[in-house]
Amino acid sequence: QVHVRESGGGSVQAGGSLRLSCTASEVYCAAWFRRAPGQEREEVASIDSDGSTTVADSVKGRFTISQDNAKNTLYLQMNSLKLEDTAMYYCAASSTKSCIYNYWGQGTQVTVSS
């Protein structure tokens with residue numbers, strides 16, 4: 001059983017920064033997703049077991065995904081936040097090399113205001 005837990009959400013003014021953290025042990029790959037009210041879930045960024053990363057075009061250049069294997073922690077550094085980044089952010093993890101995300105956190109809210 002993999003336990004996934006996010007932290008670090010909050011409220012910030014546009015242009016500000018936040019860093020989300022996600023603890024999850026013994027996973028092969030992980031990702032951050034977000035869902036804004038009335039919108040579809042969006043994959044924001046992912047990281048594979050070899051450390052390669054993918055970032056959505058909507059956040060490219062502003063968000064960075066990274067991991068600290070020693071701490072079993074995944075991070076999402078969010079800079080230059082925009083109003084449209086407001087959403088519930090979820091951490092997802094895969095316990096297999098297929099990278100099908102079978103473990104999800106409860107989510108952490110990010111609210112960007114003007």
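**View 1. Strand S11 has a covered face and an uncovered face.** In this predicted model, Thr 108, Val 110 and Val 112 make up the covered face of S11. The uncovered face of S11 holds Gln 109, Thr 111 and Ser 113. The strand itself runs over residues 108–113.

**View 2. S11 pairs with strand S2 and with strand S9.** With S2 (residues 10–13), the pairing is parallel and spans four bridges. If you would like a residue pair to look for here, Gly 10 has Val 110 of S11 as its bridge partner. With S9, the pairing is antiparallel and spans three bridges. On this side, Met 88 has Gln 109 of S11 as its bridge partner.

**View 3. A close look at Thr 108, a residue of S11.** Thr 108 has a relative accessibility of 11%, and it therefore counts as buried. A polar atom of the Thr 108 side chain lies 3.1 Å from the backbone nitrogen of Gly 9. Leaving out residues up to four places away in sequence, Thr 108 touches Glu 6, Ser 7, Gly 8 and Gly 9, along with Leu 20, Ala 87, Met 88 and Tyr 89.

**View 4. Four strands form an open sheet in the order S1-S3-S8-S7.** The strands of this sheet pair in the antiparallel sense. S1 (5–7) and S7 (63–68) stand at the edges with a single partner strand each, so one side of each has no neighbour in the sheet. On average, neighbouring strands here are turned by 20° against each other, direction ignored. Further in, S3 (residues 18–23) and S8 (residues 73–78) pair over six bridges. One place to find this pairing is Arg 19, whose bridge partner in S8 is Gln 77.

**View 5. The largest nonpolar core contains 29 residues.** Trp 32, Leu 76, Met 78 and Tyr 89 have the most contacts inside this core. At least two core residues come from each of S3, S4 (29–35), S5 (42–47), S7, S8, S9 (87–94) and S11. S9 gives the largest share, four residues. For a closer look, try Leu 76: setting aside neighbours within four places in sequence, its contacts include Trp 32 and Tyr 89, as well as Leu 18, Leu 20, Val 44, Phe 63 and Ile 65.

**View 6. A disulfide joins Cys 22 to Cys 91.** The two sulfur atoms are 2.0 Å apart. The torsion about this S-S bond is about -80°, so the disulfide is left-handed. Cys 22 lies in S3 and Cys 91 in S9, and this link connects distant parts of the chain, 69 residues apart. Cys 22 is buried, at 1% relative accessibility. Cys 91 is buried too, with a relative accessible area of 1%.

**View 7. A disulfide also joins Cys 29 and Cys 99.** Here the sulfur atoms are 2.0 Å apart. With a torsion of about -135° about the S-S bond, this disulfide is left-handed. Cys 29 sits in S4, while Cys 99 sits in the loop between S9 and S10 (103–104), 70 residues apart. Cys 29 is buried, at 2% relative accessibility, whereas Cys 99 is partly exposed, with a relative accessible area of 25%. A search of the whole structure finds two disulfides, and their pattern is 1-3, 2-4 when bonded cysteines are counted along the chain.

Terms used:
Residues are numbered from 1 along each chain as its sequence is written. This is a predicted model: local features need pLDDT of at least 70, side-chain atom pairs count only at pLDDT 80 or more; totals for chains, interfaces and linings use all residues. Side-chain values use heavy atoms; hydrogens and water are left out. Two strands pair if DSSP finds at least two bridges between them. Axes are lines fitted to C-alpha atoms, for helices over the stretch in contact, and angles run from 0 to 180 degrees between N-to-C directions. Buried means under 20% relative accessible area, exposed over 50%, partly exposed in between (1.4 Å probe, protein chains only). A polar contact is a pair of N or O atoms within 3.5 Å; within protein, one must be able to donate a hydrogen and the other to accept it, and residues adjacent in sequence count only if both atoms are side-chain atoms. Contact means heavy atoms within 4.5 Å. A nonpolar core is a set of buried Ala, Val, Leu, Ile, Met, Phe, Trp, Tyr and Cys residues joined through side-chain atoms within 4.5 Å. A disulfide is a pair of cysteine sulfur atoms within 2.5 Å.
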